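User: Please take a close look at one loop in this model and at what its surroundings are made of. I am new to this structure, so a connected account would help most.

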Amino acid sequence: MTLNWGIERPRRVTLQDSKNLHFIENYFQIQHPTKGSMKLKPFEFQYGLIDSYHNYRSSISLVSRQMGKSTIAAAYLLWYAMFVPDSMILIVSNKHDGAKEIMHRIRYGYENCPDYVRSGVVAYNKHSIEFDNGSRIVAQATTENSGRGLSISLVYMDEFAFVQPRIAKEFWTALSPTLSTGGKCVITSTPNNDDDLFAQLWRGANKLQDEYGNPAEVGLNGFRPTFVHWSQHPERDEVWAKEERQRIGEERFRREHECEFIA
């Protein structure tokens with residue numbers, strides 16, 4: 001069984017739309033696997049992700065593998081912590097190493113910011129950063145108790161489709177009351193099963209209509225959906241796709257790059 005939902009490609013955000021782009025485009029450094037340290041140059045689809053994160057309270061993104069979603073999320077989360085005082089930002093990933101990797105990208109971006117841009121810190125380690133403006137970033141693996149007891153301003157959930165179903169449901173149940181007070185929720189993942197919690201939230205987000213049946217920017221569950229296909233990466237073409245299909249097989253290619261929910 002194959003389930004797939006097409007989404008209109010997001011518009012590009014402009015500097016007039018969001019002040020965070022000035023920081024991301026001019027001050028955030030990344031470690032490129034072959035080019036070394038360099039300034040982040042967002043791709044077109046990454047502007048759409050930023051738009052969704054920034055302008056909607058709840059967003060969910062279905063993204064092909066190795067598209068830089070964690071990198072652009074790290075840049076946005078660092079900007080949010082430094083320029084929105086007294087924010088509590090929680091990063092959760094399906095594995096501890098995933099959460100730690102996102103935090104590593106945030107720390108690298110922070111350490112390479114000019115002194116006149118970056119906020120001061122009062123606590124700084126592998127799993128959390130506390131800034132002198134009152135904001136905090138905490139990275140954890142997704143468990144039933146992740147974030148419990150925290151007053152969360154923004155939660156970023158990475159590869160949520162790959163969290164064990166029981167843990168995902170219990171985590172979401174525990175998190176929902178916190179978000180109901182006004183916190184932002186950002187979920188990103190490649191697809192996994194067609195009946196897990198991520199798939200359910202994705203389906204709800206694609207019901208883009210209000211209670212009267214009129215077109216809406218967010219789904220009936222309040223989430224803004226964004227779909228990113230492998231072909232939106234400027235360095236990928238049909239030659240790349242053919243080689244990748246031969247390397248990992250057709251079914252895995254359809255799931256990880258075509259973003260199909262395959263049961």
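Analyst:
**A buried serine and its loop**

Once its neighbours within four places in sequence are set aside, Ser 87 is in contact (heavy atoms within 4.5 Å) with Tyr 80, Gly 134, Ser 135, Arg 136 and Ser 153. This is a predicted model, in which local features need pLDDT of at least 70 and side-chain atom pairs count only at pLDDT 80 or more, while totals for chains, interfaces and linings use all residues. Residues are numbered from 1 along each chain as its sequence is written, and side-chain values use heavy atoms, with hydrogens and water left out.

Ser 87 sits in the loop between H3 and S5 (helices, H or I of at least four residues, and strands, E of at least two, are DSSP runs numbered from the N terminus). Its relative accessible area is 4%, so Ser 87 counts as buried (buried is under 20%, exposed over 50% and partly exposed in between, with a 1.4 Å probe and protein chains only). Asp 86 also belongs to the loop between H3 and S5, yet Asp 86 is exposed, at 60% relative accessibility. The phi angle of Asp 86 is near 60°, which is a positive value in a residue other than glycine.

Another loop, between strand S4 (58-63) and H3, holds Gln 66. Gln 66 has a positive phi as well, near 55°, and is not a glycine; its relative accessible area of 56% makes Gln 66 exposed.

H3 and S5, which flank the loop of Ser 87, also take part in the interior. The largest nonpolar core (buried Ala, Val, Leu, Ile, Met, Phe, Trp, Tyr and Cys residues joined through side-chain atoms within 4.5 Å) has 42 residues, and Phe 23 and Ile 106 have the most contacts inside it. Two or more residues of this core come from each of helix H1 (20-27), helix H2 (44-55), H3, strand S5 (88-93), H4, strand S7 (128-131), strand S8 (136-141) and strand S9 (154-158). With eleven residues, H3 gives the most to this core.

Apart from neighbours within four places in sequence, Ile 106 touches Ala 74, Leu 77, Leu 78, Ile 91, Ile 129 and Ile 137. A second core, separate and of 30 residues, has Met 88, Val 92, Ala 161 and Phe 227 among its members. In soluble globular proteins, nonpolar side chains tend to be buried together.
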